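Trainee: Please take a close look at one part of this model. Start from how its elements are named, and then work through the part in order.

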Amino acid sequence: MEKIIEEEKQGTTVQLEINGKNSRKLYIESYGCQMNFSDSEIVASILAQEGFNTTNVLEEADLVLVNTCSIRDKAEQTVRKRLEKYNRVKERQNPNMKVGVLGCMAERLKSKFLEEEKIVDMVVGPDAYKDLPNLVAEIDEGRDAVNVILSKEETYGDIAPVRLNSNGVTAFVSITRGCDNMCTFCVVPFTRGRERSRDPQSILEEIGDLTSKGFKEVTLLGQNVDSYLWYGGGLKKDFSKATPMAQATAVDFAQLLNQVATAYPNLRVRFATSNPQDISDDVLHAIAKHRNICNYIHLPVQSGSDRILKEMNRLHTREEYMRLIDRVHAIIPECAVSQDMITGFPTETEQDHQDTLSLMEYVKYDYGFMFAYSERPGTMAARKMKDDVPEEVKSRRLNEIIAVQRRTGLERAQYFIGKTVECLIEKESKKSDTQWAGRNSQNYVAVFPKENYKVGDFVNVKITDCTSATLIGEAVGYSDMNGPLTIDTE
Ligand code: SAH
Ligand code: F3S
C-alpha cells in the first residue's frame, strides 16, 4: 500500500481552449510530481504556438506526449503500460499518430527509448522543451528526434504557462529547477540536472498575471525551494564565483517569500518542497510575519535513524530535525508539518525503523507520503549498497509507519474541532454537490454547505467534526482576505 503524491491527478490529460487557427491535435498525459504537471503547462503553451490544440481523446491525436516520472520503479512501469496502449491505438486506429516521451524517464533512458522500444518517435528531457518546435518538425519528416541536454540556465521564466485543468483559483509557479542535494536514493539530480533559480522579477510578473485572472493562491514550486538563490542567473553551485555585487544583491528564499507576500496581500502563498538542511529561520519568520503565507511546511525527513540519514546523505541528524520542528512550532504556533518517508532503505534494521516511528511520535505529523525503498539505477545507493531489506519487511514497516501517520493525522485534525478557520473555496466537494471543498491555511481540506458562497471566496468556517484527512463544518461569513471588493459585489 503505497501513497502516491496527488494520486487523483496521475495520468490526467490536459485540455485547453480550442484555437480555431490550430489544426493539429495534441494529447498530453502527465505522471509524477507537481513539477511535471507544471511542465506540461509549459509544453502545451509552446505547442499551441506550433498549431496544436489539446484533446483528451487519445484515438484522434496527431501527437501523443507522456510526461514521465522515474522516482520509483512502479512509476516507470505505469508509463511503460501507457506506451503499450498508445502503440496499440497507433497500430489499429491511427497509423499517423506520433508518440513522444517527456520528463524524467526521457532523461534517464535517453535514446534507449528510440533504439530498443521502437514505439517512441521522440524523446525530450525536462530542460529541452523549447526545442519542441524543431523536434516536432523532425518527426513530421519521418525521422526520430531526441534532445536530452540538461541546461545550466533554463528555467522557462519567459514562457507563460497555460493553466491546464485549472480550478481558476489555485496555481503552481516554478521557482527553481533541478537539485544539488544528491540524496543517495534519489534519481532527481540525474534526471533534472543541477539546481538553478528563476529570476524573481519573472516570478512576480507571473503571479501578477495570475491574480489579474482571479487566482487566489499560488504554490511556489521546486525540488528544494529553501535553496532558492537568484544572483543574476546561473547554477546555485557557482554562486561563490559570482561578482561581489551579484552576491550582495542576491535574493534568497526568505526574501522571495517576503516580496511575493508583500506585493500581493490578498493572495495566499504556499511552497513545496522544503528541505530540513536548507530551510532557514528567516523562512520561518517570513511565514509568521505574513498573514497570507500559509502555516504549512512539507518537510520530508525520509528516516528517523541517524545512521540511515547519513547513508542517505541527508545532511542533518535526527536531533537537528527535532530542534528544527521545535523552532517551527515556537515561531509559527499553528504550523502544520508533513513528511516524506522511505522505509526499507538498504541496511535498515528493526532499531532504525523504531527510530523512525519514535521520530513520528515526536513530531506528530499532520500528513505524510510514505514509500517503500525502490532502487534506482545510477544512484549512489544502487551503486554502493545492496537492496537487502526483504519486500515483506519493507511492506510491514511501511504499514506500521502509515498506521502512526493515520493516528497523528487524526489527532492533529481534531485540534480544529470547535475552531473557526479560514478556507479558500476551490471546488465542489467530491461527496456532495451541496457542499464546497476548500483548504485552510494548514492545508486541510474542509467541506461545508455551499449557501451563497462561490468558488474563489475566502470564508471563515466553524469546524464541527473531522476525519483524519477532512474537516467538516459550516461557513460563518467572509474572511477579510477577500479585500473589500469581493464582499461588496455579493
Ligand atoms: N525534493 C523533492 C523530492 C522528490 S522525490 C520534492 O520536491 O518533493 C519525492 C519523494 O519520493 C522523496 O521525498 C522520497 O521520500 C521519495 N523517494 C525518492 N526516491 C525514492 C526511492 N528511490 N525509493 C522510494 N522513495 C523515493
Ligand atoms: Fe531528491 Fe534529495 Fe533532491 S530527495 S530531489 S536529491 S533533496
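Mentor: Helices (H or I, at least four residues) and strands (E, at least two) are DSSP runs, numbered from the N terminus. The model is predicted, and the part to look at is domain 2. The domain assignment of the chain gives domain 1 as 7-147, domain 2 as 170-414 and domain 3 as 420-489.

Begin with the neighbour, domain 1. C33 sits in the loop between β2 (24-30) and α1. According to an unreviewed UniProt entry, C33, C69 and C104 carry the annotation "binding site". These three positions are spread over 72 residues of sequence, yet they cluster in space, with a largest C-alpha distance of 10.4 Å.

Domain 1 also touches domain 2. Taken over C-alpha atoms, the centres of domain 1 and domain 2 are separated by 29 Å. Domain 1 gives 13 residues to the contact, and domain 2 gives eleven. On the domain 1 side, α1 (34-48), α2 (73-92) and α3 (104-109) each supply at least two residues. That side has six charged, four nonpolar and three polar residues.

Now domain 2 itself. The unreviewed UniProt entry lists residues 165-411 as "domain: Radical SAM core". Over residues 165-411 the chain is 41% helix and 16% strand, and the C-alpha atoms at the two ends lie 33 Å apart.

Two ligands come next. Ligand 1 is surrounded by 16 residues, and the closest are F185, T273, D340, F371 and S374. Its shell is made of eight nonpolar, five polar and three charged residues. T273 deserves a second look: the peptide bond joining A272 and T273 is cis, with omega about 5°. T273 belongs to the loop between β14 (268-272) and α10 (281-289).

Around ligand 2 are C179, N181, M182, C183, C186, V188, P189, Q223, N224 and N275. By class this shell has six nonpolar and four polar residues, with no charged ones.

The last piece is a pair of helices. Two packed helices are described by the angle between their axes and the distance between the axes. For helix α13 (residues 350-363) and helix α15 (residues 391-414), the angle is about 10° and the axes are 10 Å apart. Because angles under 35 degrees count as roughly parallel, α13 is roughly parallel to α15. On α13 the contact is made by H353, T356, L357, M360 and E361, and on α15 by R397, E400, I401, V404, Q405 and T408. The contact of α13 with α15 divides into four nonpolar, four polar and three charged residues.

K364 is found in the loop between α13 and β17 (367-372). K364 has phi near 55°, a positive value in a residue other than glycine.

To put the backbone details side by side: the A272 to T273 peptide bond is cis, and K364 has a positive phi. T273 is also among the closest residues to ligand 1.

Notes:
Residues numbered from 1 in each chain as written. Chains lettered and ligands numbered in written order. Predicted model: local features only at pLDDT ≥ 70, side-chain atom pairs only at ≥ 80, totals over all residues. Near = placed C-beta within 6 Å. Nonpolar A, V, L, I, M, F, W, Y, C, P; charged D, E, K, R; others polar. Axes fitted to C-alpha atoms, helices over the stretch in contact; angles between N-to-C directions. Parallel < 35°, antiparallel > 145°, perpendicular 65-115°, else oblique. Contact = placed C-beta atoms within 7 Å. Domains from an automatic or database assignment. UniProt positions renumbered as here; feature names shortened; annotations may be inferred.
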